[in-house]
Amino acid sequence: QVQLVESGGGLVQAGDSLRLSCAASGRSFSRYAAAWFRQAPGKEREFVGAVSWSGRVMNYADSVKGRFTISRDNAVSTVYLQMNNLKQEDTAVYSCEADRDVSDSPTYAPTKEHEYDYWGQGAQVTVSS
């Protein structure tokens with residue numbers, strides 16, 4: 001079992017930066033791939049970024065490439081999402097998710113939500129003009 005708790009959300013202006021954190025508890029989190037998904041009001045949940053347990057592979061949605069960076073520190077069981085040059089369309093509830101590959105592949109970093117078994121409660125990010 002893995003428990004995930006997001007923090008770092010808030011209200012910022014367009015062009016600002018924000019860093020989200022996802023603190024994990026539970027055994028062997030260092031072997032779990034992790035991802036961020038977001039859901040804006042009235043819209044479907046969408047993939048933002050994913051990182052393999054090794055940190056070797058990172059995948060991003062086209063809408064955030066070049067602006068967002070996902071990273072992790074396995075020593076403190078935390079995954080981060082650095083968001084730069086925020087836009088109004090980034091306004092959403094951001095959720096951290098985690099999953100462990102059956103073969104513990106160091107390149108496993110899925111982009112589909114159904115691949116993930118654990119998720120947090122979410123953090124609100126609001127970007128004003």
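The following paragraphs describe the fold, one sheet, the disulfide and selected backbone features of a predicted model.

The chain contains 0 helices and 11 strands, and the order of its elements from the N terminus is accordingly written as β-β-β-β-β-β-β-β-β-β-β. The radius of gyration is 14 Å, close to the 14 Å that the globule rule gives for 129 residues, so the chain is as compact as a globular protein of that length. Taken along the principal axes, the box filled by the C-alpha atoms is roughly 45 × 25 × 25 Å. Of the 129 residues in the chain, 46% are buried, and the chain exposes about 6500 Å², of which carbon and sulfur atoms supply 46%. When contacts between residues at least 6 apart in sequence are considered, 61% of them join residues at least 24 apart.

An open sheet is formed by 4 strands in the order β1-β3-β8-β7, with antiparallel pairing. The edges are taken by β1 (3–7) and β7 (68–73), each of which has a single partner strand, so that one side of each is left without a neighbour in the sheet. On average, and with direction ignored, neighbouring strands of this sheet are turned by 15 degrees against each other.

At the β1 edge, the antiparallel pairing of β1 with β3 extends over 5 bridges. Among the bridge partners, Q3 is matched with S25 of β3, while S7 is matched with S21 of β3. The side chains of β1 alternate between two faces: L4 and E6 point to one face and are buried, whereas Q3, V5 and S7 point to the other and are not buried.

The bridge partner of S7 merits a separate description. S21, which lies in strand β3, has a relative accessible area of 16%; since buried means under 20% relative accessible area, S21 is therefore assigned to the buried class. With residues up to four places away in sequence not counted, S21 touches V5, E6 and S7, as well as W36, T78, V79 and Y80.

At the β7 edge, β7 and strand β8 (residues 78–83) pair in the antiparallel sense over 6 bridges, and one of the bridge partners in β8 is T78, which is matched with D73. The two strands β7 and β8 form a hairpin with 4 residues between them, and S77, located in the turn, has a positive phi of about 50 degrees. In β7 a covered face, made up of F68, I70 and R72, can be distinguished from an uncovered face, made up of T69, S71 and D73.

Strand β3 also carries one half of the disulfide. A search of the whole structure finds 1 disulfide, which joins C22 to C96 with an S to S distance of 2.1 Å. The pair links distant parts of the chain, given that C22 belongs to strand β3 (residues 18–25) and C96 to strand β9 (residues 92–99), with these positions 74 residues apart in the numbering. The angle about the S-S bond is -80 degrees, and the link of C22 and C96 is left-handed. Both C22 and C96 are buried.

Further backbone features concern the sign of phi. Most residues other than glycine have a negative phi. Against this background, N85 has a phi near 50 degrees, a positive value in a residue other than glycine; N85 is located in the loop between β8 and β9. The relative accessible area of N85 is 43%, so N85 is classed as partly exposed. A positive phi of about 55 degrees is likewise found for D104, which is not a glycine, and D104 is placed in the loop between β9 and β10 (118–119). The relative accessibility of D104 is 22%, and D104 therefore counts as partly exposed.

Key. Residues are numbered from 1 along each chain as its sequence is written. This is a predicted model: local features need pLDDT of at least 70, side-chain atom pairs count only at pLDDT 80 or more; totals for chains, interfaces and linings use all residues. Side-chain values use heavy atoms; hydrogens and water are left out. A disulfide is a pair of cysteine sulfur atoms within 2.5 Å. Buried means under 20% relative accessible area, exposed over 50%, partly exposed in between (1.4 Å probe, protein chains only). Two strands pair if DSSP finds at least two bridges between them. Axes are lines fitted to C-alpha atoms, for helices over the stretch in contact, and angles run from 0 to 180 degrees between N-to-C directions. The radius of gyration is taken over C-alpha atoms; the globule rule is 2.2 Å times the number of residues to the power 0.38. Contact means heavy atoms within 4.5 Å. Accessible areas come from the Shrake-Rupley method with a 1.4 Å probe; for residues, only the protein chains shown count as cover.
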